[in-house]
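Colleague: I am new to this structure. Please pick one part and take me through it closely.

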Amino acid sequence: MTRTQHSGGRAEHSPSLLEVVPWNYGYAHSWALRWLIENAASRDAILGALLPDDAPPWTIEGSVDREHAVPGARADLACNLVDGRDRAVALAVETKVADPIKRVQLERYRDEGFETVLYVPGLTGLLFEPNGAVAGERWVTGRDVAAALEPIDLPWIISSYLDTVAGEASRMDDARAVARGEIDAFDHDGCAPAKDLADAAWIVEVAYAMRAGGAEDVRIRSERNDRGIFWAGAHLVPAGITEDAGMWIDIVADIRSNRRAVVIKAGGQPAGRMACYEAAIAAGPPQPADGWTAGRCTTKPASFTVWRIDATDKKASETAQLALGARAFMTDLADPTR
């Protein structure tokens, strides 16, 4: 995607927005949106992406505020608008590039009467999109914004920004295609670190493949040490165990070791999780058995690995099949007579 780039004849010597402010700083992305909303030539196009159910032309009542305070939160952008049907709309935008989504923020904007947009041009949007909306907000990606503004002639600092977010969207597509095994590689030169992008794309594709195979209650998560998928629908208790304990499946992409795995875990009260471990080990590994290794039963921490299989070099579909096989293994433990 290429736009006309101009800045008084100095475009080729001017830094782009994301050379001035780093990619992961949401401030830069919010600044670009604010400019696009305030600029008369781009206003209808950008608001068409943010609020597609309403009708242009748009007018702004007052200003587009940054860090707009509501009880318990601050919206990155907020403004009062009137659409082409004279409908008043209060818009709040929360920008997340590579940081966690905070439910309370989105709930507060909703409760204050805002039409809320979560702008997610980076890994946040890629990784958490399968989880769905948090509080009725609309998700808008970098691709959405870039596509909406494609026909419009814009200053270099804005057109360069849109070209960058469009490029990152293409990298995400390619990384997902790698995870599916459709292509061999994606461009490692970009804003999101290649390792993080590869892991996020793999997790997303595993989640979709699991759902296609019948998995329910699949939730993508991101922690300090790893990212992955928690499959709440796979939480089971082996037959005969009466203590407060159980087993579940976790799909993990470790941030430090660069390894990926499907893991069966046990947790709960000490006696119960030990009984879960003993039952699962006695039953042997999930099928097919090749590659599964037994974990080590411990009194600490409150949960531990029972069976684990490395998935570092596996396609998303193969990993999903391993997870579904682990679920069948656990179902047999819960009901040996089925």
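Modeller: What follows sets the scene, then walks along one strand and its surroundings, and ends with a second strand to set beside it.

Some ground rules first. This is a predicted model, in which local features need pLDDT of at least 70, side-chain atom pairs count only at pLDDT 80 or more, and totals for chains, interfaces and linings use all residues. Residues are numbered from 1 along each chain as its sequence is written, and side-chain values use heavy atoms, leaving out hydrogens and water.

Now the whole chain. The protein chain holds 10 helices and 13 strands (DSSP runs numbered from the N terminus: helices are H or I with at least four residues, strands are E with at least two). Its C-alpha atoms fill a box of roughly 75 × 45 × 30 Å along the principal axes. Of its 338 residues, 48% are buried (under 20% relative accessible area; exposed is over 50% and partly exposed in between, with a 1.4 Å probe and protein chains only). Contacts also tell something about the chain (heavy atoms within 4.5 Å). Take those between residues at least 6 apart in sequence: 59% of them join residues at least 24 apart.

The part I chose is strand β3. It covers residues 73-82. How many of the 10 residues of β3 are buried? Eight are, so β3 is largely enclosed by the rest of the structure.

Look at its partners. β3 pairs with β2 in the antiparallel sense, over eight bridges (two strands pair if DSSP finds at least two bridges between them). Across this pairing, His 68 stands opposite Ala 75 in β3. β2 and β3 also make a hairpin, with two residues between the strands. Gly 72 in that hairpin takes a positive phi near 85°.

Then comes β4. β3 and β4 run antiparallel, and six bridges join them. Here Cys 79 stands opposite Leu 91 in β4. This pair is a hairpin too, with five residues between the strands. In its turn, Asp 86 has a positive phi of about 65°. So β3 pairs with both β2 and β4, as the DSSP bridges define pairing.

Now follow one residue of β2. Thr 59 lies in that strand. Is Thr 59 buried or partly exposed? It is partly exposed, because its relative accessible area is 43%. Leaving aside residues up to four places away in sequence, Thr 59 touches Asn 80, Leu 81 and Val 82. Pro 288 gives a sense of distance. It is 229 residues from Thr 59 along the chain, and their C-alpha atoms are separated by 62 Å.

Next, a helix that meets these strands. Helix α4 spans residues 103-111, and its buried residues are Gln 105, Leu 106 and Tyr 109. Down the axis of α4, these residues fall within an arc of 90°, so they line one face of the helix (the arc is that of the directions from the helix axis to the C-beta atoms). What covers them? The cover includes β2 (59-70), β3 (73-82), β4 (88-95) and β5 (115-120). After α4 comes Gly 113, with a positive phi near 90°.

Finally, a strand to set beside β3. β11 runs over residues 260-268 and is mostly covered, with seven of its nine residues buried. β10 (residues 245-254) pairs with β11 in the antiparallel sense over nine bridges. Ile 251 has Val 262 of β11 as its bridge partner. β10 and β11 form a hairpin with five residues between them, and Asn 258 in the turn has a positive phi of about 65°. β11 also pairs with strand β13 (residues 303-310), antiparallel over seven bridges. In that pairing, Ala 261 has Asp 310 of β13 as its bridge partner.

To recap: β3 has eight of its 10 residues buried, it forms hairpins with β2 and β4, and it is among the elements that cover the buried residues of α4.
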